Amino acid sequence: MAAQSTKLSPSQLIAVAKAPLLAYNEKNWGAVKASITPDFVYDEIATHRKVHGADQVIGVWQGWAAAFPDSKATFNSAQASGDNVVLEVTWQGTHQGPLQTPKGAIPATGKRIDIRACIVCETAGEKAKVQRQYFDMATMLQQLGIA
């Protein structure tokens with residue numbers, strides 16, 4: 001008897017890729033952890049920050065949540081191919097806490113951000129395995145009145 005295929009449909013793959021971001025939107029760190037593989041890799045291109053493992057990723061995302069407690073991703077489009085998904089999102093939030101940078105913390109400005117981003121997600125079964133996020137750091141810093 002042949003093994004049954006476990007290939008996910010494009011809509012299922014997109015749901016897998018969106019799951020960690022939807023959990024972030026709710027600041028539900030348990031749901032983030034449940035939606036990613038234990039060896040998950042998060043590669044934040046704009047900041048040159050790349051972390052491995054659920055706990056490190058959640059730490060980075062908690063840092064963003066501390067700086068922008070109301071931050072949320074809105075999905076603009078999604079495309080799936082093979083085990084990969086490309087998401088176009090808009091990040092919005094208010095800078096209400098210190099934003100950690102390699103050169104120190106940027107104190108809260110009280111200003112809103114509205115930036116577009118592209119996320120390339122590699123999936124493994126029903127979990128996200130790798131997420132590479134591309135966003136325009138210069139635009140974000142300009143919106144915060146820093147650049």
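These questions and answers go through the core, voids and cysteines of a predicted model.

Colleague: Which residues touch the most other members of the largest nonpolar core?
Modeller: The core has 38 residues. A few of them touch the most other members. They are Trp64, Phe68, Trp91, Leu99 and Met140.

Colleague: Which element gives the largest share of this core?
Modeller: Several elements give two or more residues to the core. Among the helices are H1 (10–25) and H3 (54–67). Strands S1 (36–44), S4 (84–94), S7 (112–124) and S8 (127–135) are also on the list. The largest share is eight residues, and it comes from H3.

Colleague: Which residues does tryptophan 64 touch, not counting residues up to four places away in sequence?
Modeller: Trp64 is one of the core residues with the most contacts to other members. Its partners beyond four places in sequence include Leu99 and Met140. The full set is Tyr24, Glu44, Thr47, Arg49, Leu99, Phe135 and Met140.

Colleague: How many cavities of 30 Å³ or more does a search of the whole structure find, and what is the volume of the largest?
Modeller: The search covers the whole structure and finds one cavity at or above that cut-off. The volume of the largest cavity is about 210 Å³.

Colleague: Which element gives the most to the lining of the largest cavity?
Modeller: The lining has 15 residues, with Tyr24, Tyr42, Trp64, Trp91 and Gln133 nearest the centre. H1, S1, H3, S7 and S8 each give two or more residues to it. By type, the lining divides into eleven nonpolar, three polar and one charged. Three residues come from the element that gives the most, S8.

Colleague: How much space lies in the largest pocket?
Modeller: Trp64 lines this pocket, along with Leu99 and Met140, among others. Strand S5 (99–101) and helix H4 (137–143) are the elements that give two or more residues to the lining. The space in the pocket is about 230 Å³.

Colleague: How do the residues of that pocket lining divide into nonpolar, polar and charged?
Modeller: The lining includes Ala46, Pro102, Ile106, Met137 and Leu141. Thr47, Arg49, Gln100 and Thr101 are also part of it. The division is eight nonpolar, three polar and one charged.

Colleague: Why does the structure hold zero disulfides?
Modeller: A disulfide needs two cysteine sulfur atoms within 2.5 Å. The closest cysteine sulfur to that of cysteine 118 is in cysteine 121, too far for a bond. From cysteine 121, the closest is in turn that of cysteine 118. No bond is counted because the distance between these sulfurs is 11 Å.

Colleague: Is cysteine 121 buried or exposed?
Modeller: Cysteine 118 counts as partly exposed, at 26% relative accessibility. Buried means under 20%. Cysteine 121 has 0% relative accessibility, so cysteine 121 counts as buried.

Colleague: With which residues is asparagine 25 in contact, leaving aside its neighbours within four places in sequence?
Modeller: Asparagine 25 lies in helix H1. Its relative accessibility is 9%, so asparagine 25 counts as buried. Its contacts beyond four places in sequence are Ser71, Lys72, Ala73 and Trp91.

Colleague: Is aspartate 55 buried or exposed?
Modeller: Aspartate 55 lies in helix H3. The cut-off for exposed is over 50%. Aspartate 55 has 56% relative accessibility, so aspartate 55 counts as exposed.

Colleague: How far apart in space are aspartate 55 and asparagine 84?
Modeller: In sequence, aspartate 55 and asparagine 84 are 29 residues apart. In space, the distance runs from C-alpha to C-alpha. Its value is 23 Å.

Terms used:
Residues are numbered from 1 along each chain as its sequence is written. This is a predicted model: local features need pLDDT of at least 70, side-chain atom pairs count only at pLDDT 80 or more; totals for chains, interfaces and linings use all residues. Side-chain values use heavy atoms; hydrogens and water are left out. A nonpolar core is a set of buried Ala, Val, Leu, Ile, Met, Phe, Trp, Tyr and Cys residues joined through side-chain atoms within 4.5 Å. Buried means under 20% relative accessible area, exposed over 50%, partly exposed in between (1.4 Å probe, protein chains only). Helices (H or I, at least four residues) and strands (E, at least two) are DSSP runs, numbered from the N terminus. Contact means heavy atoms within 4.5 Å. On a 1 Å grid over the protein atoms alone, a cavity is a set of points where a 1.4 Å probe fits but cannot get out, and a pocket is an open set with protein on both sides within 12 Å along at least five of seven lines; lining residues have an atom within 4 Å of a point. Grid points are joined across faces, edges and corners, and a volume is the space filled by probe spheres set on the points. Ala, Val, Leu, Ile, Met, Phe, Trp, Tyr, Cys and Pro count as nonpolar, Asp, Glu, Lys and Arg as charged, and the others, Gly among them, as polar.
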